[in-house]
Amino acid sequence: MQINPGAAEFPHRQIAAQLKAQVRRGDWGPGERLPSIPAIAEMFGVAKQTVQRAVDQLRVEGILITKPGSGTYVRGTRRRLNRLSRGRYGGFRGYHTDLAARYRQQLVSVGRAAAPPEVADAFGVADGTELLCRRHLVRTDDSPVEVGASWFLPADTAGTSLERAEAFGRPLYQEAEEATGRRYVTATDTISARQPSREEAEILQIRPDTPVLHLLHVAYDAQRKPIEVAHATWPGPMTTLTEEYRIPAPAPDQDPDPGLVLG
């Protein structure tokens, strides 16, 4: 293990690259603890702060995790969530058994809450307007991988099952369609990256400086009026969002305009 002091790349990046290569080779397997920061610093002949910067870089990339008082470990395999919101509807209007098998959604709370700005904007109401909120937490392999909520207008949900603090034996959108009498027809997904709130970091068990991916999902009826506004937040380094789609075939050549004179 060595660094090149004359290289253009910063020393901590050189160290990060070498540690990453060792993980890829299998020198340290998933869940295995790396040598201590002082030990790695001695191997490379650098200050402990330089190694810490390298470890921080690999942690943000999702390759390593740090456990206070325990050490630095290789993270397990990256989770391929495939949870763009269209996945919640499945390939047909029925229960998406694939998602149900891989994810365990826990209902956290149900009740009136002040709408955050992004939700208020989607519904066209003032910030802080009280809406019905159904908060949830998603786990896989006993680890939290998603925190989120679904919001509805109280006028649409008064006296319906959506107000009850209970999970349903079918997707939420199906329950909402029956409860509100409105059908989901179109939806938009907006994904952004940001730093987590303190609460999100605690729930997802990540450091406060670990980036997260945030999804805002707005589902509309046939009149383009929102039925549900949902948001979900995932730990960025361990999350991949994958979408498969068809690419249109080339259009057949069209005859040039007979009235057009070329040359």
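**Exercise 1. The whole chain.** What percentage of the contacts in the protein with a separation of 6 or more is accounted for by residues 24 or more positions apart? Describe the overall make-up of the protein as well.

*Solution.* The model is predicted, so that local features need pLDDT of at least 70 and side-chain atom pairs count only at pLDDT 80 or more, while totals for chains, interfaces and linings use all residues. Residues are numbered from 1 along each chain as its sequence is written, and side-chain values use heavy atoms, with hydrogens and water left out.

Step 1. Taking a contact to mean heavy atoms within 4.5 Å, residues 24 or more positions apart account for 59% of the contacts with a separation of 6 or more.

Step 2. The protein has 8 helices and 10 strands, where helices (H or I, at least four residues) and strands (E, at least two) are DSSP runs numbered from the N terminus.

Step 3. Of the 263 residues in the protein, 40% are buried; buried means under 20% relative accessible area, exposed means over 50%, and partly exposed lies in between, with a 1.4 Å probe and protein chains only.

Step 4. The accessible surface comes to about 15400 Å², and 51% of it belongs to carbon and sulfur atoms; such areas come from the Shrake-Rupley method with a 1.4 Å probe, and for residues only the protein chains shown count as cover.

**Exercise 2. Helix H1 and the cores.** Describe helix H1, and then find the residues with the most contacts inside the largest nonpolar core.

*Solution.* Step 1. Helix H1 covers residues 11-25, and its 15 residues reach 21 Å from the first C-alpha to the last, close to the expected 21 Å; the expected span is 1.5 Å times one less than the number of residues.

Step 2. The buried residues of H1 are His 12, Gln 14, Ile 15, Ala 16, Leu 19, Gln 22 and Val 23, and their cover includes helix H2 (37-44), helix H3 (48-60) and strand S2 (71-74).

Step 3. Gln 18 also lies in H1, but it is partly exposed, with a relative accessible area of 25%. The C-alpha atoms of Gln 18 and Gln 2 are separated by 8.8 Å, although these residues are 16 residues apart along the chain. Just after H1, Gly 26 takes a positive phi of about 90 degrees.

Step 4. A nonpolar core is a set of buried Ala, Val, Leu, Ile, Met, Phe, Trp, Tyr and Cys residues joined through side-chain atoms within 4.5 Å. The largest one has 18 residues, and those with the most contacts inside it are Ile 15, Trp 28, Val 51, Leu 58, Leu 64 and Val 74. The elements that give two or more residues to this core are H1, H2 and H3.

Step 5. Leaving aside residues up to four places away in sequence, Val 51 touches Ile 15, Ile 37, Ile 40, Ala 41 and Val 46. A second, separate core of 13 residues includes Val 119, Ala 120, Leu 131 and Cys 133.

**Exercise 3. Helix H7 and Leu 137.** Why is helix H7 described as largely enclosed by the rest of the structure? Then describe the surroundings of Leu 137.

*Solution.* Step 1. Helix H7 spans residues 172-180, and 7 of its 9 residues are buried, so it is largely enclosed by the rest of the structure.

Step 2. These buried residues are Leu 172, Tyr 173, Gln 174, Glu 175, Ala 176, Glu 177 and Thr 180, and they pack against strand S5 (130-140), S6, helix H6 (154-157) and strand S9 (226-235). Gly 181, which follows H7, has a positive phi near 75 degrees.

Step 3. Leu 137 lies in strand S5 and, at 9% relative accessibility, counts as buried. Among the residues that it touches, not counting those up to four places away in sequence, are Arg 104, Val 108, Pro 144 and Ile 203. The C-alpha atoms of Leu 137 and Ile 203 are separated by 8.6 Å, with their positions 66 residues apart along the chain.

**Exercise 4. Two loop residues.** Is Gln 205 buried or exposed? Compare its setting with that of Arg 224.

*Solution.* Step 1. Gln 205 sits in the loop between helix H8 (198-204) and strand S8 (212-220), and at 60% relative accessibility it counts as exposed.

Step 2. Arg 224 is placed in the loop between S8 and S9, and it is partly exposed, with a relative accessible area of 46%.

Step 3. Most residues other than glycine have a negative phi. Phi is nevertheless positive in Gln 205, near 60 degrees, and in Arg 224, near 65 degrees.
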